[in-house]
Amino acid sequence: MTVFTSLLTDDHGAVRVLTLNRPDKRNALNNELTHALLAALKAADRDPAVKAIVLAGAGQSFCAGADTREFGGFVNTGGGSSGAQAALERAHLTTHLHRAFVEIGKPVVGAAQGYAMGGGAGLALACDMLVAGESLKLGYPELKHGIVAAIVMANLVRQTGRKTAFELVSLGETVDAPRALALGIANRVSPDHSLLEDAIALARRLAEHDGAAMTATKRLFYRVADLPLTQAFDVSLDTNVMMRGFRQERA
């Protein structure tokens, strides 16, 4: 098993806390950390002792986004195909990471303080629930640097609506904790000193539910979120029938 120093893992009963651990870089996402987080989410989902997950950031910030120095290395590899290939592989890796939040059956609670910018904002929104620290500064500044908030945009549009999402990606303004709560990006606001504790307490409440029912609830939620109403009813009916049969088998 590969050990990643850029990601810390700590179990609190049935809650697994994953902590981005590059505080000197404001937990910017490089290849190692991205691979580590993707692997850790999948490992937690497979572990029967884990019922819920908390995603946090070490130090003063949650995640400042992509590691720009590493991206610079992708561009400055002689301008040949190796640099383009590295950038493409990184884009696929980032996409796989964001898909994992939806695909795993266990709920993920984010605990975000300080900077959550670009890809870091995308991580915060990828969590099923988010507890925002009072110091939160969340935003999508990519356009100011001549790049596109591409992979993170799908979640943003779905969670905030078109007008708000376009404002955030086009103006690049920073959202503080109260506005994140008002926009529905955050579920709770907590003082920074109790942020992690509050996020773990919320995750523990989720962990109390029957695991199979929680997984079915999460998967149904994401399936019906973007379906037309009549199709959503059909999918919901299928889940209802499946869970009734499951309960009868266990009785």
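1. In this predicted model, strands E4 and E6 (residues 129–133) are paired in parallel, with 4 bridges between them. One contact point of that pairing is Ala111, whose bridge partner in E6 is Val131.

2. E4 also pairs with strand E3 (residues 52–57), again in the parallel sense and over 4 bridges. Here Ile53 stands opposite Val108 of E4.

3. Strand E4 itself covers residues 108–112, and 5 of its 5 residues are buried. In a regular strand, side chains alternate between the two faces of the sheet. In E4, Val108, Gly110 and Ala112 point one way, while Val109 and Ala111 point the other way. Both sets are buried, where buried means under 20% relative accessible area.

4. For the protein as a whole, the secondary structure comprises 10 helices and 9 strands. Buried residues account for 44% of the 251 residues. Of the contacts between residues at least 6 apart in sequence, 68% join residues at least 24 apart.

5. On overall dimensions, the radius of gyration is 19 Å; this agrees with a compact globule, because one of 251 residues would have a value near 18 Å. The C-alpha trace spans about 65 × 40 × 40 Å along its principal axes.

6. On the surface, the protein exposes about 13200 Å², and carbon and sulfur atoms supply 56% of that area. Its charged side chains number 26 positive and 25 negative, and the centres of the two sets lie 3 Å apart.

Definitions and conventions. Residues are numbered from 1 along each chain as its sequence is written. This is a predicted model: local features need pLDDT of at least 70, side-chain atom pairs count only at pLDDT 80 or more; totals for chains, interfaces and linings use all residues. Side-chain values use heavy atoms; hydrogens and water are left out. Buried means under 20% relative accessible area, exposed over 50%, partly exposed in between (1.4 Å probe, protein chains only). Helices (H or I, at least four residues) and strands (E, at least two) are DSSP runs, numbered from the N terminus. Two strands pair if DSSP finds at least two bridges between them. The radius of gyration is taken over C-alpha atoms; the globule rule is 2.2 Å times the number of residues to the power 0.38. Contact means heavy atoms within 4.5 Å. Accessible areas come from the Shrake-Rupley method with a 1.4 Å probe; for residues, only the protein chains shown count as cover. Lys and Arg count as positive and Asp and Glu as negative; His and the chain ends are not counted. The place of a charge is taken as NZ of Lys, CZ of Arg, CG of Asp or CD of Glu.
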